[in-house]
Each structure stands twice: as structure tokens, then as C-alpha cells.
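Let's take a walk through this model, starting at its metal site and working outwards. Keep the 3D view open as you read.

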Amino acid sequence: METARTGEWVEEARGLDEYQQQGFPTQIPNSEYTSHEFQQLEREHIWNKVWQFAGRESEVPGPGDWKEYKILDQTYIIVRGKDGTIRGFVNACRHRGNVLCQGSGTAKRGFLCQYHLWSYDLEGKLLGMLREKAQGDLDKDDLSLIPVPVDTFGGFIFLNPDPDAQPLSVYLGEDVNRLLAPYRLEEMTTVMNVRENIPCNWKVVMDAFEEGYHISGIHPELLNVIALDPTTSKFQFFDNHSVACAPFDVANSLSPEDEILGIKALPETFPGTAAVMPRFDELVSEYQTDDGRVAFPDGVTGRTILQQATRDTLTGMGLDVSGLTDAQMSDNHGWVLFPNLFMTIRAGEAHIVMAVPDPDGDPNRCIWHVASFMWLPEELRDVYKADLVEVDEPGSYKYFLALQQDYEQMPRQQRGLRNTGLKYMSLVKEEIVVSHFHHVLNKHIAGL
Ligand code: FES
Ligand SMILES: [Fe+2]
């Protein structure tokens, strides 16, 4: 018996028209992108309070592996214990507060504070201090590192600075857990990973990836490949998060030959599709007529062949895609996990864009972080695994074309938003995911 595939939600989901009356805000004050006061509110109600992306499990693969996670001027240690559990601690020695760790590394036995040599085990317990017997009555059990909630989902590490945080699974919600599970995100390898401090507010980044309205203006070459039709998009809005699906179809698909040409051009824009092309060609050849033309029977299109080729290719590589629908073989789903993780995901691959406020608290800057993940057979994972690139010199890293176009656009928007003569941005119907994001943001700022 075939079990229901969670991706079938798209068939029943509501489109733009049905969501129009939702009451999500459409006028967004630009001061929220420029003022120190609003940045303070975000710090208090969001960055100190919510679950946030803090890395991939693969960054701390073995016992003792640790990494520092920084948000604004706060710093935390994330470390895998001997028991395999990943834990989080405030990155400050309990003696006189020195930072214990910077960057990442492996601590086989534990952490040693450089200042006066207090030491802690991987579970945060104070092990010893210099000339311990001579230091008076200190209760070592009271001087463990201060724990912070850390949990994992889909291979991602999440951290919440609030010691009373609800569990991550509750924050994400049952639907998010269930809908994302069949993609097997936790088995994917990081193949691109770049961070850079850029001159725009963190929400400029989030907004930019939550709508396709700017594709005609900023990414015109995408129009040669994808047919854009916002009326076919489907949405689900959760308490904090959202998912949108714009069904993939090739542009100008007038004849089977044109459709095939459109799909064959995909790898130029979506490199993840390159591996699928040999199987795609094979499947297409079944419909080739003697005169070299292509005739599709009813129900067969370039889209359905692409889906079949993707399923066959991934299955052949060893990825179990039985839990994913045919549409999920070709269609990207855009997820927003509040506050700062945008992910576009399709069978076998995912791309994320994140942004955190500038560490020094300048509302006109942020650190954006872009990463790609692919499902690869075991023997290829180390070959394609990418380390984090921290870009220090603006413009020195060349992002792939579409990302480069966004990278160049975002500071331009920030400069406009800094004008005090402008009072608010005006969102259109097609930007409903952006509206929902600001609805959730307002709810958190209000402490709800
Ligand atoms: S501050 Fe860490 S040992 Fe003194
Ligand atoms: Fe874009």
C-alpha cells in the first residue's frame, strides 16, 4: 500500500486570491530597517528569544568538536559531548568572564580558559582551577558553564539564548517537521557556504528571497527558462513560518522541441539539474520520431519527463525519494523559518539564505550567509564538501549569477530606505510571504 506523500499538500493548498484577506501588513515602516531603537527591540524580542540557525551538525561531527556561534555582541559555544549530544553554553568563563573559545576546533578533554587556567569538561562542568586548594570555599558545582538550549533538525543546529525556550520541535511545529522530513535534509552535504558583512539591514535580505516579483527586474535571464505565473503559486502559513510553491514550467513551451530546449538549458541557471540530463535525454529519445521530431502522447510533457529523470537519477544514486511527489522532483518549495532562514528545496538539493544583524549593532549592515546542500552518494561527500568562506573584501567573491544580482541590489534598497522623506514600503499582493514575515515579526516585537 502506498502511503500518502506529504508533498500532496500543494494540490489542496490555497493560492494568492484566497489569502488576500488575511490581514497581513502591507505598509512596512522603513524606519524598521534603519533605526537603532527598532534594532534594540529586535534584539530583546527576537535574537534573545527565538530559535535560530547556528550551523550544521556536520561542523561538529565528533565528540569534542566545537564551534562558536555569535549573534550581535553575544557569543556561545556549541560542542558535541562524549555521548554524541550537541550542547550550547554561554561563551564566558565563570571566573572573570573571559571568552573561552573563538572560531572552531576540537577539544578532546574539554575547555581551558587562557586567563587563569580554569578548566571545564565537554558537558560544561568546572573541572579544576589553578592552585585550587588555596582559593577558599568555592562550590565548583555552582560554577559550571551556563547552558543555553540547543537542538537539531534536518541536520541543522538551532540555538535559543532563552533558557526557558519551548522545545525546537514545538517552535517549528508538527507541519514543518512532517513536510520537510521526506527530503532527508540531514543526509545532504554542504557544497557551498559563504558569509559576508554587507551594507543592508538583515530584513532586506529576508524580504528579497521571499518574493518572485523582482525576477523580471533583477534576474531577466531566468525568464528565458522559467514560466512565471504567480496565480499558480500555492501557500501555507504557519504560526511563525511559511512555505510557498511556484510550480516549475519552462518558458515558451509551445512545442515539445521548445520545451526540451528549455529544460536542457536549466543547468546553466540551476547547476543541480546537470546530473539529471543524461537520463532526461534517454527518456526523450523514446518519443523521437524518424524525422527527428518529438511527439509526446497525452499526459507526457517536458515537465513530466524531467520529473521522471530526476526520480530515476536520484534513486540510482541511492537516495530514497519514495516519500516525495512527482511535483517535488521539479518544483522548488520556498520555506521561511522565522526569523532568518530562507530555504528553497527540491528533491536532492536545498539552498539557504540567512541574515543576522551586524555584530556591532549597525542597523544598516548585516551578515548574510548563503549555502547550498546536495544529496550525494557516500563516496562523493568528502569530494564535494565545502568549507565556510568568510569574505572580507567586498566584491572579491563571485556568487553565481542570480545571487550576485541580489547581492548588488540589496545595498541599493537600503540606501533608499534610509531616506527620512520616505515613511513606509508598500507591498503588493504577490509579496504575501513578505507580508506574513512582517506579521510574524510584529507579533514577536509585541511580545505575543
Ligand atoms: S577568567 Fe577564566 S580563568 Fe580567570
Ligand atoms: Fe533574487
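Start at the iron ion (ligand 2), where the 4 donor atoms subtend angles of 55 to 154°, which makes the arrangement irregular. For the record, four donors count as tetrahedral if all angles lie between 85 and 135 degrees; four count as square planar and six as octahedral if opposite donors are over 155 degrees apart and all others between 65 and 115, and anything else is irregular. A donor here is an N, O or S atom within 2.8 Å of the metal (3.2 Å for Na, K and Ca), and water is not among the atoms, so sites may look incomplete.

Before going on, a word on what you are looking at: this is a predicted model, where local features need pLDDT of at least 70 and side-chain atom pairs count only at pLDDT 80 or more, while totals for chains, interfaces and linings use all residues. Residues are numbered from 1 along each chain as its sequence is written, chains are lettered from A and ligands numbered from 1 in the order in which they are written, and side-chain values use heavy atoms, with hydrogens and water left out.

Which protein atoms hold the iron ion (ligand 2)? They are NE2 of His214, NE2 of His219 and two OD entries from Asp406, lying 2.0 to 2.6 Å from the metal. Along the chain these donors follow the spacing H-x4-H-x186-D. His214 sits in the loop between helix 6 (202–208) and helix 7 (215–218), and Asp406 in helix 14 (residues 401–417), so the pair ties together parts that are 192 residues apart in sequence. Helices (H or I, at least four residues) and strands (E, at least two) are DSSP runs, numbered from the N terminus. His214 counts as buried at 18% relative accessibility, and Asp406 is buried at 5%. Buried means under 20% relative accessible area, exposed means over 50%, and partly exposed is in between (1.4 Å probe, protein chains only).

Now zoom out to the domains. The assignment gives domain 1 (6–51 + 165–247 + 331–445), domain 2 (54–153) and domain 3 (256–329); such bounds come from an automatic or database domain assignment. The C-alpha centres of domain 1 and domain 3 lie 28 Å apart, and their contact takes 19 residues from each of the two domains, where contact means heavy atoms within 4.5 Å. About 1,800 Å² is buried between domain 1 and domain 3, with carbon and sulfur atoms giving 62% of that. Buried area is the accessible area (1.4 Å probe) that two parts lose on being put together, summed over both. On the domain 1 side, Val225, Asp331 and Trp375 lose the most area to domain 3, together 29% of what that side buries.

What about charges? Side chains of opposite charge can pair when their charged atoms come close. A salt bridge here is a side-chain nitrogen of Lys or Arg within 4 Å of a carboxyl oxygen of Asp or Glu. The structure holds 23 salt bridges, and the rule finds 2 across the interface of domain 1 and domain 3. Arg184 is a nice one to click on: it forms a salt bridge with Asp320, the closest N and O atoms being 3.3 Å apart, and another with Glu187 at 3.2 Å. Arg184 counts as partly exposed at 27% relative accessibility.

Other pairs are worth a look too. Asp175 and Arg178 meet at 2.8 Å, N to O, in a salt bridge; being 3 residues apart in helix 5 (residues 174–180), they are separated by about one helical turn. Arg195 and Glu390 form a salt bridge at 3.3 Å, N to O, and this pair links distant parts of the chain, with Arg195 in strand 13 (residues 189–198) and Glu390 in strand 20 (residues 389–391), 195 residues apart. Asp83, Arg87 and Glu123 are linked in a network of salt bridges.

Finish with the backbone. Most residues other than glycine have a negative phi, and most peptide bonds are trans. The bond from Phe338 to Pro339, however, is cis, with omega near 10°, and Pro339 lies in the loop between strand 16 (333–337) and strand 17 (341–346). Leu117 has a positive phi of about 65° although it is not a glycine, and Arg131 has a positive phi near 45°. Leu117 counts as partly exposed at 39% relative accessibility, whereas Arg131 is exposed at 62%.
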